[in-house]
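Me: Could you take a close look at a single helix for me? I'd love to hear how its two sides compare with their surroundings.

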Amino acid sequence: MAATSARRMAAQEGENQLVVKGVSKKFGGVTAVQDVSLEAPRGGILSIIGPNGAGKTSLLNMISGFYKPDTGNVLLDGIEIAWKKPSEIARLGIARTFQNIALFSGLTVLDNLMLGRHVLMKSGVLSSVIYWGMAQKEDIAHREAVEEIIEFLKLQDLRKLPTSALAYGLRKRVELGRALALDPKVLLLDEPMGGMNQDEKEDMARYILDVNQERGITVVLIEHDMGVVMDISDKVVVLDRGRRIASGTPEEVQRDPHVIEAYLGAGKKGGKS
Amino acid sequence: MSLLDSPRTDTLPKLLQRNAEENPRAAGIREKTRGVWQTLSWSQYRDHVRDFASGLAALGFKRGDKLSVVGDNRPQLYVAQLAAQSLGGVSVPVYQDSIAAELVYVLNHAETSIIVAEDQEQVDKALLLKAKLPNLRWIVFDDPRGLWAYDDPALRSFESVLEEGRKFAQGKPDFVAAELAKGTADDIAMIAYTSGTTGNPKGAMLSHRNMIAAAEAFIEVNDVKPGDNWLSYLPMAWVGDAAFSLGMALVGKLVANCPESPETVQRDLRELGPHAMLAPPRIWESLLTQMQVKSGDASPLKRGVYEYFRGLAERCELKRTDGNPLSLVERLGLATGEFFVYGPVRDQLGLRHARWCYTGGAPLGPDTYRFFRSFGINLKQVYGATEASALISCQANAEANPNTVGRPIPRIEVKIDDRGEVMLKGPNVFKGYFKQEDATRDTITGDGWLKTGDAGFFDKQGHLVIIDRAKDVGKLSDGTAFAPQFIENKLKFSPFIREAVAFGHEQPMVVAMIAIDMQTVGTWAEKRGLAYTSFMDLSRKPEVAQLIAGEIAKANATLPDVQQVKRFLLLNKELEADDAEMTRTRKVRRRFVAEKYAKVIEAFYNGGKQVEVTMEITFEDGRKSTLTSQIAVHDLPAAAPAMKAA
């Protein structure tokens with residue numbers, strides 16, 4: 001695809017939107033992440049891969065502020081965010097989805113997405129009471145943004161259904177929608193295709209590409225399906241036992257002897273490539 | 001006075017202009033997007049059509065050129081058709097779920113030069129076929145989603161065509177108006193490709209006169225008011241949708257409402273509460289099936305109440321059709337039922353405001369028909385054909401009857417020829433098949449009568465009764481007449497039977513191939529703890545065969561002995577349009593099925609208990625694969641008197 005390689009070039013030349021510099025994290029005596037650095041190019045798709053327990057989710061948790069790194073820095077557009085609260089980081093424009101779906105199961109798809117916009121809402125309880133008109137206007141604007149996402153992810157027929165009634169693949173899609181509702185600059189996706197069948201994976205890959213292209217959102221992706229990762233990533237970082245062992249374009253990473261060892265040397269781990 | 005008598009109102013786009021002048025701010029067309037019904041007034045609708053027409057002119061579209069729309073119902077696609085017609089062009093809507101090979105045939109045969117596609121899915125299809133379509137110059141898309149990486153020079157966005165149109169109009173401000181004025185009633189408005197139960201599709205040329213005359217006649221005999229809401233959810237390539245969403249909407253100033261997506265139709269229907277509704281029998285049947293499933297899932301009390309009032313309503317409806325007065329108790333019962341059951345059910349179905357509903361396109365089982373009528377839904381039959389601009393006859397409010405299709409609409413003449421075939425003459429009769437003079441000569445007689453291909457007769461009240469396709473009506477080997485559809489409709493009343501194909505022509509007995517309804521049979525099986533994996537697995541279960549045998553026995557009880565189904569089998573896949581077993585409007589292609597399943601039919605009559613079937617399956621993307629399996633043939637005892645109670 002000519003268009004993709006052009007996009008890739010642009011992503012390589014552009015500055016990095018999210019920079020992680022030498023972060024480490026220990027839990028008791030266990031080192032989950034050790035001195036890992038990575039750069040997510042603005043408007044690109046960066047994938048983090050590695051065997052189970054390599055520290056991928058811990059790394060993502062440090063970017064989104066759920067964990068505080070023991071050492072190192074996390075910079076969003078040059079601003080240090082490692083010590084900020086998760087809610088502040090969300091407000092600065094980093095949204096994420098979770099490996100295990102985190103939705104309000106009793107609420108409808110629409111309500112879940114509206115909640116996703118919560119951090120963007122300005123009117124508090126008091127101002128909603130006093131400046132009723134203004135709060136209502138704001139509500140309409142948010143609903144419009146959410147409707148755009150509903151259309152984008154083809155959720156029209158599910159709008160009023162509780163998320164508990166949805167199939168697994170659809171719930172994953174709603175979760176992506178909830179993250180998008182934040183209007184993020186950077187989207188962290190933790191195994192968005194885990195447990196999906198081939199059709200659902202293809203749909204999800206399509207949505208990720210569209211999110212990246214049409215909304216210009218930088219994507220950081222953890223995924224086990226190598227086929228998908230190699231297909232859609234601009235850049236791949238490989239972790240093994242908490243360390244970064246390789247980084248580069250999908251082609252470079254696939255040729256890297258360390259990666260081959262980490263995946264094949266172990267004898268069984270890894271995806272279908 | 002007919003609209004056709006004035007040169008200001010004798011084409012569809014001229015009628016749009018009239019509506020925009022007479023009612024500029026009234027709603028013209030509506031679409032649900034982003035969860036909200038968004039309205040274009042008649043003047044906005046007209047402006048879009050005018051700008052798009054200018055844009056088409058800028059792209060080199062000329063009088064007589066063909067424009068195809070493909071996609072789900074969208075105002076933009078109606079705008080595109082009217083814009084093409086404004087320039088004297090012809091609209092050729094195609095089925096959005098057609099597979100590639102069918103599309104190539106129709107688009108090439110029609111010489112389409114511009115395709116207006118709804119979204120990426122349709123654009124992909126068009127791009128894939130581009131090399132095989134020498135006449136195609138532009139592909140215009142409405143929804144840009146997913147199309148960011150596409151750089152084909154033939155692609156244009158709908159918006160950009162409107163934009164080009166506005167620029168073009170600055171240079172030639174009167175161009176479109178002049179082209180519009182040049183149009184006459186006898187210009188071809190659209191070519192409707194008939195899905196055809198045999199052979200390649202044929203393109204029926206319908207003039208503006210055809211469509212306007214049909215709409216005027218229909219409005220004359222039906223309760224249609226300006227501003228009435230209409231749900232435009234039927235395939236745009238089906239002439240029925242064109243007749244209503246374009247013809248009737250423009251002539252009668254109805255508002256066409258496009259649903260949000262095919263998956264939301266039912267919810268949108270309920271939200272909109274249209275004033276009128278047209279649906280093919282399949283949809284009525286599936287609504288009924290849904291209701292039966294829902295009542296089966298309800299608590300015993302609710303189910304009891306529902307069943308009681310349903311029974312009461314059906315008894316009263318029967319009494320009413322026989323002309324007997326209802327007793328006071330019955331009337332009180334109906335009033336109570338109206339409050340507890342009938343009203344809420346109509347509301348759930350989205351038919352609370354519907355003053356009339358029609359079923360058409362194929363016969364509807366009388367029991368299904370009676371069910372809806374008994375619940376206070378003014379369901380009537382309409383009969384038509386693509387070649388007659390979709391309309392031949394319909395029923396008046398007081399004359400609803402499941403067995404007839406009503407009286408011919410005004411200004412058309414209908415007769416039955418000596419072979420029993422229905423023939424008609426009138427302003428709605430088409431101009432012939434595009435580039436198929438032979439087929440045209442076979443269909444229109446020298447003195448101008450259109451042969452419908454349907455066998456029928458007039459009953460004592462002068463209502464037309466359609467028996468079956470003339471070529472399908474056969475005889476059993478003992479000489480008894482055999483109309484397969486009649487039997488199939490009886491079978492299809494069962495919620496467990498989705499599709500049935502009956503055979504018996506020149507054979508000693510009637511046999512049927514049954515496709516089960518996956519949803520209802522699945523629920524039934526789950527309730528009995530019967531595990532299954534797929535349609536094929538489910539249809540092989542002996543318990544399911546027993547269930548269906550019971551259902552067939554019920555249908556047999558209402559049939560004369562010789563017409564009863566004696567043997568049947570359960571198909572291991574659904575009948576599919578992609579496998580050419582059904583038309584795109586979901587009518588069974590009987591001949592094709594008979595050929596495809598020749599071995600099965602043979603087994604029916606040589607007494608075999610098992611038959612090996614090898615079938616070709618076509619996937620949605622056109623790939624094919626074959627499937628070989630054993631299908632059991634089941635026997636049915638003659639209907640025992642005990643079953644008659646059911």
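Reply: Happy to; here is a walk along helix α12 of chain B.

This is a predicted model, in which local features need pLDDT of at least 70, side-chain atom pairs count only at pLDDT 80 or more, and totals for chains, interfaces and linings use all residues. Residues are numbered from 1 along each chain as its sequence is written, while chains are lettered from A and ligands numbered from 1 in the order in which they are written.

Helices here are DSSP runs of H or I with at least four residues, numbered from the N terminus. With 22 residues (300-321), α12(B) should span 32 Å at 1.5 Å a residue, and its end C-alpha atoms lie 31 Å apart, which agrees; the expected span is 1.5 Å times one less than the number of residues.

Now for the two sides. Buried in α12(B) are Y306(B), F309(B), R310(B), A313(B) and E317(B). They cover an arc of only 110° around the axis, so they sit on the same side of α12(B); the arc is taken from the directions from the helix axis to the C-beta atoms. An α-helix has 3.6 residues a turn, so residues three or four places apart point the same way. On the other side of α12(B), P300(B), L301(B), G304(B), G311(B) and L318(B) are exposed. Buried means 20 or more other C-beta atoms within 10 Å of a residue's own, exposed 12 or fewer, and partly exposed in between, with C-beta atoms placed from the backbone.

The buried residues of α12(B) pack against α11 (281-297), α13 (328-349) and α14 (366-374) of chain B, contact being C-beta atoms, placed from the backbone, within 7 Å. Just after α12(B), G323(B) takes a positive phi of about 85°.

Conventions:
Helix = DSSP H or I, 4+ residues; strand = E, 2+ residues; numbered from the N terminus. Contact = placed C-beta atoms within 7 Å.
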